[in-house]
Amino acid sequence: MTGLRCDDDPRLLRELARFRDLPVNFDVAAVDPLDPGPEWTVDDQRRGLPAEPPGPPLVGGPWERACALVRDYKFADPTLVSRACRSTRELEPGADLLLETSFHGLVFRLPCRVGGITDTARDGVRVWGWNYRTLRGHLEQGQMDFLVRKDIATGTVEFQVRAFSRHAHIPNPVVRLGFAVFGRSTQLRFIRGAGHRMVELTEPVARRADRNPRP
């Protein structure tokens, strides 16, 4: 399962250490994440997860399980993201993130940085999650947020992927052509696959809760 570990691969650790000197590859201050503008491709997908009773999130319930999966990047389809490494043990803004992907035999190590953590209870919805921003050398520019939401009144739990992105400059013409042709479809596969895996990985928690209801 994809997760934030690469302790067994010194090459990845060296690559991750190199990311410290890389800047974010777009002007963060110039973009409103909720309304980035027509030059960006915007995605906002929500996937329903096993529900909970109304009220605060259950201890050990689907919402908490989903938050743990999001924190450790375990929602990613391993056929698209084979490895993920973070520069810090705990999730924190400014931590660097290495995502290793492959395409037709080519391996790409994509540099990202944790931009911020969301932890709110507003308008009757409990939300937790985080985002990353792309660094120089990534195939794209932009930000992707991963959020777990619970409606306190209804008990509905959702996983949300929200992103804005555009192509970065890719010097290699073969890679540039391949990304132009297949980049968007791969991006959509990643988002849909993340939602599917979140359902798959939270359903066992919900079944255990059904078998062992709270007194």
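Here is a walk through the structure, from one helix to the core, the pocket and a few residues worth a look. Keep in mind that this is a predicted model.

Let's start at helix α2, which covers residues 62-71. Its buried residues are Pro62, Trp63, Ala66, Cys67, Leu69 and Val70. Look down the axis of α2 and those buried residues fall within an arc of 160°, so they line one face of the helix.

Now find Thr202, which sits in helix α3. Thr202 is buried, with a relative accessible area of 0%. What does Thr202 touch, leaving aside residues up to four places away in sequence? The list is Leu49, Pro50, Pro62, Arg65, Ala66 and Leu69. Pro62, Ala66 and Leu69 also appear among the buried residues of α2. In sequence, Thr202 and Pro62 are 140 residues apart, yet from C-alpha to C-alpha the gap is 5.6 Å.

Just past α2 comes Tyr73, in the loop between α2 and β2 (83-86). Its phi is positive, about 55°, although Tyr73 is not a glycine. Is Tyr73 buried or exposed? Tyr73 is buried, with a relative accessible area of 0%.

Tyr73 also leads us into the nonpolar core. The largest one has 40 residues, and those with the most contacts inside it are Tyr73, Phe75, Trp130, Phe146 and Phe190. At least two residues of this core come from each of α2, β3, β4, β5, β6, β7 and α3. Helix α3 gives the largest share, 8 residues. As general background, nonpolar side chains in soluble globular proteins tend to be buried together.

To get a feel for this core, click on Trp130. Not counting residues up to four places away in sequence, Trp130 touches Val70, Arg71, Tyr73, Leu91, Leu97, Val114, Gly116, Ile117, Met144, Asp145, Phe146 and Leu147. So Tyr73 and Phe146, two of the residues with the most contacts inside the core, are both in contact with Trp130. Apart from this core lies another, of 8 residues, including Leu12, Phe19, Leu22 and Cys85.

Next, the pocket. The largest one has a volume of about 650 Å³. It is lined by 34 residues, and the closest to its centre are Thr101, Leu110, Leu139, Phe179 and Thr186. Which elements give two or more residues to that lining? They are β3 (96-103), β4 (106-122), β5 (125-134), β6 (140-151), β7 (157-167) and α3 (173-211). Helix α3 again supplies the largest share, with 10 residues of the pocket lining. By type, the lining divides into 18 nonpolar, 14 polar and 2 charged residues.

Finally, head over to where β4 gives way to β5. Arg122 lies in strand β4 and is exposed, with a relative accessible area of 57%. Asp123 is found in the loop between β4 and β5. Like Tyr73, Asp123 has a positive phi of about 55° although it is not a glycine. The surroundings of these two are another matter: Tyr73 is buried, whereas Asp123 is exposed, with a relative accessible area of 76%. How far apart are the C-alpha atoms of Arg122 and Glu140? They are separated by 32 Å, with the two residues 18 apart along the chain.

Key: Residues are numbered from 1 along each chain as its sequence is written. This is a predicted model: local features need pLDDT of at least 70, side-chain atom pairs count only at pLDDT 80 or more; totals for chains, interfaces and linings use all residues. Side-chain values use heavy atoms; hydrogens and water are left out. Buried means under 20% relative accessible area, exposed over 50%, partly exposed in between (1.4 Å probe, protein chains only). Helices (H or I, at least four residues) and strands (E, at least two) are DSSP runs, numbered from the N terminus. The arc is that of the directions from the helix axis to the C-beta atoms. On a 1 Å grid over the protein atoms alone, a cavity is a set of points where a 1.4 Å probe fits but cannot get out, and a pocket is an open set with protein on both sides within 12 Å along at least five of seven lines; lining residues have an atom within 4 Å of a point. Grid points are joined across faces, edges and corners, and a volume is the space filled by probe spheres set on the points. Ala, Val, Leu, Ile, Met, Phe, Trp, Tyr, Cys and Pro count as nonpolar, Asp, Glu, Lys and Arg as charged, and the others, Gly among them, as polar. A nonpolar core is a set of buried Ala, Val, Leu, Ile, Met, Phe, Trp, Tyr and Cys residues joined through side-chain atoms within 4.5 Å. Contact means heavy atoms within 4.5 Å.
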